[in-house]
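Colleague: I'm new to this one, so could you show it to me and walk me through the labels people put on it?
Modeller: Sure, here it is.

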Amino acid sequence: MLLDNNPRIKNIMAAKIVKVFYPQIIVQTETGQYLPVNVSNRQRQDSIFWESVQDIWHAQLWVPIGRKFHQLLADDWVLPQRDELALHN
């Protein structure tokens, strides 16, 4: 299910990566606000993560980030299936 059909969308905003310099990522929101992305320790150590972020930046794709903690969302714009949601409750 796409997030735009779910109340969780209120906690998510679209942002475009505008600068990548290890260990920081800067994004610009749809409203023009610039924010640093909070990168986890695991992401800092993951070279594939940084390659992917660079590719997303160069492609100028919009990515979902959490409004409160400014973290990239692992599940992108799609909600997990109901089976997966039940496992986490």
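**Why these labels?**

Colleague: Why does Tyr22 count as exposed or buried?
Modeller: Tyr22 has 53% relative accessibility, so it counts as exposed. The cut-offs are under 20% relative accessible area for buried, over 50% for exposed and partly exposed in between, with a 1.4 Å probe and protein chains only. Before we go on: this is a predicted model, where local features need pLDDT of at least 70 and side-chain atom pairs count only at pLDDT 80 or more, while totals for chains, interfaces and linings use all residues. Residues are numbered from 1 along each chain as its sequence is written, and side-chain values use heavy atoms, with hydrogens and water left out.

Colleague: And what makes Trp50 buried?
Modeller: Its relative accessible area is 11%, so Trp50 is buried. Phe49 is buried as well.

Colleague: Why is the pair of Tyr22 and Trp50 called edge-to-face?
Modeller: Rings of Phe, Tyr and Trp (its six-membered ring) pair if their centres lie within 6.5 Å; planes under 30 degrees apart are stacked, over 60 edge-to-face and the rest tilted. Here the centres are 5.2 Å apart and the planes at 70 degrees, so edge-to-face it is.

Colleague: What does that pair tie together?
Modeller: Tyr22 sits in the loop between strand S1 (12–21) and strand S2 (24–29), and Trp50 in helix H2 (residues 47–59), so the pair ties together parts 28 residues apart in sequence. Helices (H or I, at least four residues) and strands (E, at least two) are DSSP runs, numbered from the N terminus.

Colleague: Which kind of pair do Phe49 and Trp50 form?
Modeller: Edge-to-face again: 5.4 Å centre to centre, with 85 degrees between the planes. Ring pairs link Tyr22, Phe49 and Trp50 into a cluster.

Colleague: How do you know that S1 and S2 pair?
Modeller: Two strands pair if DSSP finds at least two bridges between them. S1 and S2 are joined by 6 bridges and run antiparallel, and a hairpin connects them through 2 residues. One of the bridges sets Lys19 against Ile26 in S2.

Colleague: How many bridges join S1 to S4?
Modeller: There are 5, and those strands run antiparallel too. Among the partners in S4, Pro64 faces Ala14 and Trp62 faces Lys16.

Colleague: What makes S4 mostly covered?
Modeller: Of its 5 residues, 4 are buried.
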